[in-house]
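Me: I have a model open and would like to learn how to read a sheet in it. Could you walk me through it?

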Amino acid sequence: MSAVDEQLPEGRYGRSADERADRKLRIAGAVLGTLFLAMLGWFGWHYVVDNKISAEMIKFDVVSDSEVQVHLEVRKDEGVEGVCTLRSRSEDGAEVARKDVVVDEPDGRVDRVYSLRTTARATSAELLGCTPR
């Protein structure tokens, strides 16, 4: 007795249902991936174009138990004014100073040292961010 072969002849009736489903999933994945990359590019573009002021903290010095000096380098479009927020923390992580400094110089690059009065001895300082005004 021989067993009857239940498979269809190969290549005779087109693609199987699994192959069609795989192809549809690949197409859907490619479309969704392209849309995601386009959205990521759009958000990145608007972040760079709309952000007219940025800054970098060069260094900080703990001058005393009640003062920290922060050296900032601010880059902005000429004529744009902005506000940068600085913060200092103590050894246990508590915030001991916070200050909004106005950057109103007309130059495109501003390099300044700002003083923060602290409520306790600081061990760190950080730039939280800058916004145009």
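Reply: Happy to; we will go through the sheet strand by strand, keeping in mind that this is a predicted model.

Me: Which order do the strands of the open sheet have?

Reply: Strands count as paired when at least two bridges link them. Here, 3 strands line up as β1-β2-β5, with antiparallel pairing. The edges are formed by β1 (53–64) and β5 (109–117), each of which pairs on one side only. From one strand to the next, the twist averages 20°.

Me: Let's take the β1 side. Over how many bridges do β1 and β2 pair?

Reply: That antiparallel pairing runs over 10 bridges. To find your place in it, look for Asp61, whose bridge partner in β2 is Gln69. The link between β1 and β2 is a hairpin of 2 residues.

Me: And on the other side, how do β2 and β5 pair?

Reply: Strand β2, residues 67–76, runs antiparallel to β5, and the two share 9 bridges. Two pairs make good landmarks: Glu67 has Arg117 of β5 as its bridge partner, while Glu73 stands opposite Asp111 in β5.

Me: Why is β2 described as largely enclosed by the rest of the structure?

Reply: A residue is called buried when its relative accessible area is under 20%. In β2, 8 of the 10 residues are buried, so this strand is largely enclosed by the rest of the structure.

Me: So I can trace the sheet as β1-β2-β5, with β1 and β5 as its edge strands.

Reply: Exactly, and Asp61 with Gln69 or Glu67 with Arg117 will help you find the pairings on screen.

Technical notes:
Residues numbered from 1 in each chain as written. Predicted model: local features only at pLDDT ≥ 70, side-chain atom pairs only at ≥ 80, totals over all residues. Heavy atoms only, no water. Helix = DSSP H or I, 4+ residues; strand = E, 2+ residues; numbered from the N terminus. Axes fitted to C-alpha atoms, helices over the stretch in contact; angles between N-to-C directions. Buried < 20%, exposed > 50% of the residue type's maximum accessible area, 1.4 Å probe, protein only.
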